[in-house]
Amino acid sequence: MKKHEISEKQWNRIKDKFPPEREPPRGRPRKCNQEMLNAILYWLNTGIPWRDLPERFGPWQSVYSRFRAWTKAGVWENILTALIEQDLVDETTLMLDSTTIKVHQHASGAKKGDITRKPGRGGEA
């Protein structure tokens with residue numbers, strides 16, 4: 001088992017929470033859900049850009065597409081619920097991605113036209 005990857009025992013606890021794997025009728029075979037999960041875990045744990053995923057995980061676009069599909073399908077919530085029910089994680093477990101909390105520089109909360117004078121700038125102290 002490589003760093004940032006889940007073990008078979010861990011995978012067996014959550015594998016039924018993922019959409020069923022399907023075989024494509026032609027073309028390149030898809031990576032299995034466990035391999036894609038390991039790629040996503042690598043991305044989460046290292047914080048690297050999608051484009052910098054190691055080649056062993058396949059094209060980064062495939063990993064990203066699977067991540068987005070699982071997000072839209074509610075897979076992550078189902079996994080967290082299952083892990084909480086099995087007492088493997090605390091329900092206070094949180095994961096924050098800094099891209100979700102960025103604020104535009106002009107969104108500081110000040111009202112337009114609010115010209116409060118600060119001490120030392122020609123106003124009263």
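Student: R66 is buried yet has no salt bridge, so to speak a loner; which side chain of opposite charge is nearest?
Tutor: Buried means under 20% relative accessible area, with over 50% exposed and partly exposed in between (1.4 Å probe, protein chains only). A salt bridge needs a side-chain nitrogen of Lys or Arg within 4 Å of a carboxyl oxygen of Asp or Glu. Lys and Arg count as positive, Asp and Glu as negative, and His and the chain ends are not counted. R66 has no such bridge, and at 5.7 Å the nearest side chain of opposite charge is E21.

Student: What pLDDT do local features need here?
Tutor: pLDDT is the predictor's confidence in each residue, from 0 to 100. Residues are numbered from 1 along each chain as its sequence is written, and side-chain values use heavy atoms, leaving out hydrogens and water. This is a predicted model, where totals for chains, interfaces and linings use all residues, side-chain atom pairs count only at pLDDT 80 or more, and local features need at least 70.

Student: OK, where does R66 sit?
Tutor: Contact means heavy atoms within 4.5 Å. Leaving out residues up to four places away in sequence, R66 touches R30, K31, C32, N33 and M36. Helices are DSSP runs of H or I with at least four residues, strands are runs of E with at least two, and both are numbered from the N terminus. By that numbering, R66 is in helix α3 (residues 60-73).

Student: How many salt bridges does the rule give?
Tutor: One pairs E35 with K31, the closest N and O atoms being 3.5 Å apart. E35 counts as partly exposed at 39% relative accessibility, and K31 is also partly exposed, at 27%. Another links E5 and R56, where the closest N and O atoms are 4.0 Å apart. The count comes to two.

Student: How far apart in sequence are the parts that E5 and R56 tie together?
Tutor: Not counting residues up to four places away, E5 touches N38, R56 and F57. With E5 in the segment before α1 and R56 in the loop between α2 (33-46) and α3, the pair ties together parts whose separation in sequence is 51 residues.

Student: Which helix gives the most to the largest nonpolar core?
Tutor: A nonpolar core is a set of buried Ala, Val, Leu, Ile, Met, Phe, Trp, Tyr and Cys residues joined through side-chain atoms within 4.5 Å. The largest has 19 residues, with I14, F18, L37, L53, V63 and W70 touching the most other members. Two or more residues come from each of α1, α2, α3 and α4. The top contributor, with six residues, is α2.

Student: And what does L53 contact, beyond its neighbours within four places?
Tutor: L53 is among the core residues that touch the most other members. Beyond those sequence neighbours, the contacts of L53 are A39, Y42, W43, I48, W60 and V63.

Student: Within what arc do the buried residues of α4 fall?
Tutor: In helix α4 (residues 75-85), the buried residues are V75, I79, A82 and L83. The arc is that of the directions from the helix axis to the C-beta atoms. Those residues line one face of the helix, because they fall within an arc of 100°.

Student: Which element has the lowest mean pLDDT?
Tutor: The protein averages a pLDDT of 79, and 67% of the residues score at least 70. Among the elements, α3 has the highest mean, 94, while the lowest, 86, belongs to α4.
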